[in-house]
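Welcome, and thanks for taking a look at this one. Please open the model alongside this briefing and follow the helices as you read.

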Amino acid sequence: MYNMYKLNTLFTLLLVFYFNPFNQNRFNTVEIKPKYTILFIGNSLTYTNNLPKLVKNEAKQKGIKVNVEMLAFPNYAIEDHWNEGTVQKRIATKKYDFVIIQQGPSSQNEGRKMLIEYGKKYSTLCELNNAKLCYFMVWPSIHNYQTFEKVIQNYKDAATMNNAILLPVGEVWKEYIDKTNSFKYFSADAFHPSLEGSKVASKVIVEHLFSEQKK
């Protein structure tokens, strides 16, 4: 009986110790990372290889939990999305931390104007709904490689003018291509990204997106 009493007493003490809130905090030492929700707005350069999912996986590897959503259709520019009207409704829900916009290379004056002027509309809407606008800088086709510097400059200018985060994927691509003379980031059609190219894009996006949050 005495041994049974000792066992019951010990068991009771263990239960008290285990369920004590102070001791629970000692065991819960894993830091809970913030959770972000990202809306991708673009075209086939975004939905090829499911870039949003690659971004989610890349962020997870860095201990950052994110949710991703995508509005992307073939040959769409940010003007087309705006005129279609769904983006305004999505952003107005106030559930997005980041809104990432992307269109074609935009090396010509018309594309540059669209990046800047429609980017301003997106920027204003994002500010009203507690989101941060981001530009996903893309690249030209291999056949139009000579326009790459204009692509880079126009995306940089648009991001600066609209107080947005620049995600310089195209610039990283160009640095690699110029250094290695390898076009492996492109798929067989010489424009859309290969899986490796999309993975590089996801790394650049995560790196620049969340480095901004540490400042």
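The notes below go from the whole chain to helix packing, then to aromatic residues and a few single positions.

This is a predicted model, so please read every value here as computed from it. The protein has 10 helices and 5 strands, and buried residues make up 45% of its 215 residues. Helix 9 is a good place to start, with helix 8 and helix 10 as its packing partners.

**The chain as a whole**

- Among the contacts with a separation of 6 or more, 75% join residues that are 24 or more positions apart.
- The structure contains 14 aromatic pairs, and one of them is described further down.

**Helix 9 against helix 10**

- Helix 9 covers residues 169–180 and helix 10 covers residues 195–211; their axes are 9 Å apart, at an angle of about 125°.
- Angles over 145 degrees would count as roughly antiparallel and 65 to 115 as roughly perpendicular, so helix 9 and helix 10 are oblique to each other.
- Their crossing is right-handed.
- On the helix 9 side, the contact is made by Val169, Val172 and Trp173; helix 10 contributes Gly197, Val200, Ala201, Val204 and Ile205.
- By class, the residues in this contact of helix 9 with helix 10 are 7 nonpolar and 1 polar, with no charged ones.

**Helix 8 against helix 9**

- Helix 8 (residues 148–161) crosses helix 9 at roughly 150°, and the two axes come within 9 Å.
- With the limit for roughly antiparallel set at over 145 degrees, helix 8 and helix 9 are therefore roughly antiparallel to each other.
- The crossing of helix 8 and helix 9 is left-handed.
- Phe148, Glu149, Ile152 and Lys156 of helix 8 make the contact with Gly170, Glu171, Trp173 and Lys174 of helix 9.
- What classes of residue make up the contact of helix 8 with helix 9? There are 3 nonpolar, 1 polar and 4 charged residues.
- Trp173 is worth selecting in your viewer: it takes part in the contact with helix 8 and in the contact with helix 10.

**Helix 4 against helix 10**

- Helix 4 (residues 51–61) packs on helix 10 at an angle of about 55°, with 9 Å between the axes.
- That angle makes helix 4 oblique to helix 10.
- Helix 4 passes helix 10 in a right-handed crossing.
- From helix 4, the residues that meet helix 10 are Leu51, Leu54, Val55, Glu58 and Ala59.
- Their partners in helix 10 are Leu195, Ser198, Lys199, Ala201, Ser202, Lys203, Ile205, Val206 and Phe210.
- The contact of helix 4 with helix 10 divides into 9 nonpolar, 2 polar and 3 charged residues.
- Ala201 and Ile205 of helix 10 meet helix 4 and also belong to the contact with helix 9.

**Aromatic residues**

- One aromatic cluster is formed by Phe136, Trp139, Tyr145, Phe148, Trp173, Tyr176, Phe183, Tyr185 and Phe186.
- Of the 14 aromatic pairs in the structure, the one between Trp173 and Tyr185 is tilted, at 5.5 Å centre to centre and 50° between the planes.
- Trp173 lies in helix 9 and Tyr185 in the loop between helix 9 and helix 10, so this pair ties together parts that are 12 residues apart in sequence.
- Is Trp173 buried or exposed? Trp173 counts as buried, because its relative accessibility is 0%.
- Tyr185 is buried too, with a relative accessible area of 8%.

**A buried threonine in helix 3**

- Thr46 sits in helix 3 (residues 44–47) and is buried, with a relative accessible area of 1%.
- Beyond its neighbours within four places in sequence, Thr46 is in contact with Phe40, Leu51, Pro52, Met70, Ala72, Gln102 and Phe136.
- Two of those partners appear above: Leu51 is in the contact of helix 4 with helix 10, and Phe136 is a member of the aromatic cluster.

**Two asparagines with positive phi**

- Asn130 has a phi near 60°, a positive value in a residue other than glycine.
- Asn130 is found in the loop between helix 7 (109–128) and strand 4 (132–136), and it counts as exposed at 61% relative accessibility.
- Asn181 also has a positive phi, of about 60°, although it is not a glycine.
- Where is Asn181 placed? Asn181 is in the loop between helix 9 and helix 10, and at 61% relative accessibility it counts as exposed.

Definitions and conventions:
Residues are numbered from 1 along each chain as its sequence is written. This is a predicted model: local features need pLDDT of at least 70, side-chain atom pairs count only at pLDDT 80 or more; totals for chains, interfaces and linings use all residues. Side-chain values use heavy atoms; hydrogens and water are left out. Axes are lines fitted to C-alpha atoms, for helices over the stretch in contact, and angles run from 0 to 180 degrees between N-to-C directions. Helices (H or I, at least four residues) and strands (E, at least two) are DSSP runs, numbered from the N terminus. Angles under 35 degrees count as roughly parallel, over 145 as roughly antiparallel, 65 to 115 as roughly perpendicular and the rest as oblique. A crossing is left-handed if the near helix is turned anticlockwise from the far one by less than a right angle, and right-handed if clockwise. Contact means heavy atoms within 4.5 Å. Ala, Val, Leu, Ile, Met, Phe, Trp, Tyr, Cys and Pro count as nonpolar, Asp, Glu, Lys and Arg as charged, and the others, Gly among them, as polar. Rings of Phe, Tyr and Trp (its six-membered ring) pair if their centres lie within 6.5 Å; planes under 30 degrees apart count as stacked, over 60 as edge-to-face and the rest as tilted. Buried means under 20% relative accessible area, exposed over 50%, partly exposed in between (1.4 Å probe, protein chains only).
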